[in-house]
Amino acid sequence: MLELNDKYGRSFKTLRVSLLSTCNLGCIYCTMGSEDEITVDRKPQASASSFLNTIGKLHAQLGLKTIRFTGGEPLLYRELTSVIKGAKKLGIDDLKITSNGFLLERMALELKEAGLRSINISLDAVDGDTFFQMTRRKQLDRTLRGIEEAINAGLEVKINAVIMKGKNDNQVLPLLNYASKMNIPIRFLEVMGMGHLFGKGDQYLFTQQNMLDVIATRYDVIRLPRKPSSTANYWQTNQGGVFGIIANDSEPFCKDCNRLRLDAEGNIYGCLSNNNPIAVSGDEDSIQLKDKLQQAMQQKQSLNFVGSEMSMMHIGG
Ligand code: SAM
Ligand code: SF4
């Protein structure tokens with residue numbers, strides 16, 4: 001197995017694959033478009049075989065443990081089940097998706113049968129008007145039905161909620177209550193300075209401490225031990241609900257980050273805070289690939305997340 005040279009002892013064990021850079025929602029922290037501009041891009045999508053060729057080469061070098069498929073919106077990727085089945089055949093069992101859940105209601109079972117283990121579903125509000133303000137889409141109900149179907153299909157489900165000061169910070173408790181009622185974990189995310197928010201994230205930053213203060217008005221909480229390489233800090237409420245906070249800004253997790261990213265154009269990235277793509281054709285020999293992986297490792301930040309001009313929609317959140 002490839003030993004990468006990193007002074008913090010980090011390695012790449014989780015691959016995040018951005019299957020496409022388009023989406024059917026327009027979350028205000030991710031895109032700049034208005035509701036009218038949310039359209040599905042018709043440009044050709046990269047094929048499952050080209051993704052699997054690159055994933056196979058990376059797996060041979062790195063011994064990947066987990067793949068998370070993301071985007072853009074991965075449920076818009078036409079060969080999604082083929083790519084999941086193919087990754088499973090490569091011997092990678094821990095297969096996950098991050099999705100907005102908009103198309104999940106009719107796809108959950110098929111994804112489970114293809115070999116998907118778990119799904120993180122983005123849900124920034126349980127109030128319809130706030131959901132619309134955050135995503136520029138109505139039909140909160142559709143996402144909620146997607147969550148129910150994913151649970152019914154036997155997928156491990158978590159909710160991700162980006163909390164923005166002045167936009168949806170009044171949703172922390174309602175979201176926590178909803179997740180507890182559904183008996184699923186929720187993770188609140190501090191907003192990150194990515195894409196159009198690069199350098200401006202502070203304006204909307206609702207910190208881990210702000211979130212804990214809101215939660216303390218209703219619940220007593222105890223902090224749970226952090227698992228190595230986890231993006232989230234976790235707490236349990238006195239009523240048994242579990243929630244996490246992904247505190248990129250207040251408590252960055254760079255020091256044991258084990259994630260490598262692959263975009264839909266065949267570029268790898270070692271860090272969200274670096275938007276210099278490293279092109280991988282899949283035809284490299286093992287020495288050339290090792291060299292590219294070493295470059296990606298050097299992109300990792302030492303301690304702090306600083307963000308980049310590249311949108312999460314492209315690099316894959
Ligand atoms: N479309 C899918 C979704 O929304 O779950 C997958 C792609 S999305 C880019 C992946 C994750 O990144 C989502 O949980 C989203 O909320 C998060 N995200 C996007 N932009 C962000 C930002 N500026 N700050 C924090 N989280 C962000
Ligand atoms: Fe689409 Fe996900 Fe970005 Fe929202 S966060 S616009 S759902 S890619």
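**A walk around helix α4 and ligand 2**

Hi everyone! Let's start in a loop: S229 sits between β7 (221–223) and β8 (233–237). Its backbone catches the eye, since S229 is not a glycine and yet has a positive phi, near 65°. Please remember that what we are looking at is a predicted model.

Now, let's move to helix α4, residues 128–135. Which residues of this helix are buried? They are T130, F131, M134 and T135. Looking down the axis of α4, you would find these buried residues within an arc of 115°, so they line one face of the helix. And what does that face pack against? The buried residues of α4 pack against α5 (140–152) and also against β5 (156–163). Turn to the face pointing away from the buried side, and you meet the exposed residues D129 and Q133.

Let's follow the chain onward. After α4 comes R136, with a positive phi near 60°. In the loop between α4 and α5 we also find Q139. Q139 is another residue that is not a glycine but has a positive phi, about 65° here. Is Q139 buried, exposed or partly exposed? Its relative accessible area is 42%, so Q139 counts as partly exposed, between the 20% limit for buried and the 50% limit for exposed.

My last stop is ligand 2. Around ligand 2 you can pick out C23, L25, C27, Y29, C30, T31, G72, N100 and M313. How many of the residues in this shell are nonpolar, polar or charged? The shell has 6 nonpolar residues, 3 polar ones and no charged ones.

Thanks for listening!

Notes: Residues numbered from 1 in each chain as written. Chains lettered and ligands numbered in written order. Predicted model: local features only at pLDDT ≥ 70, side-chain atom pairs only at ≥ 80, totals over all residues. Heavy atoms only, no water. Buried < 20%, exposed > 50% of the residue type's maximum accessible area, 1.4 Å probe, protein only. Helix = DSSP H or I, 4+ residues; strand = E, 2+ residues; numbered from the N terminus. Arc of directions from axis to C-beta. Contact = heavy atoms within 4.5 Å. Near = heavy atom within 4 Å. Nonpolar A, V, L, I, M, F, W, Y, C, P; charged D, E, K, R; others polar.
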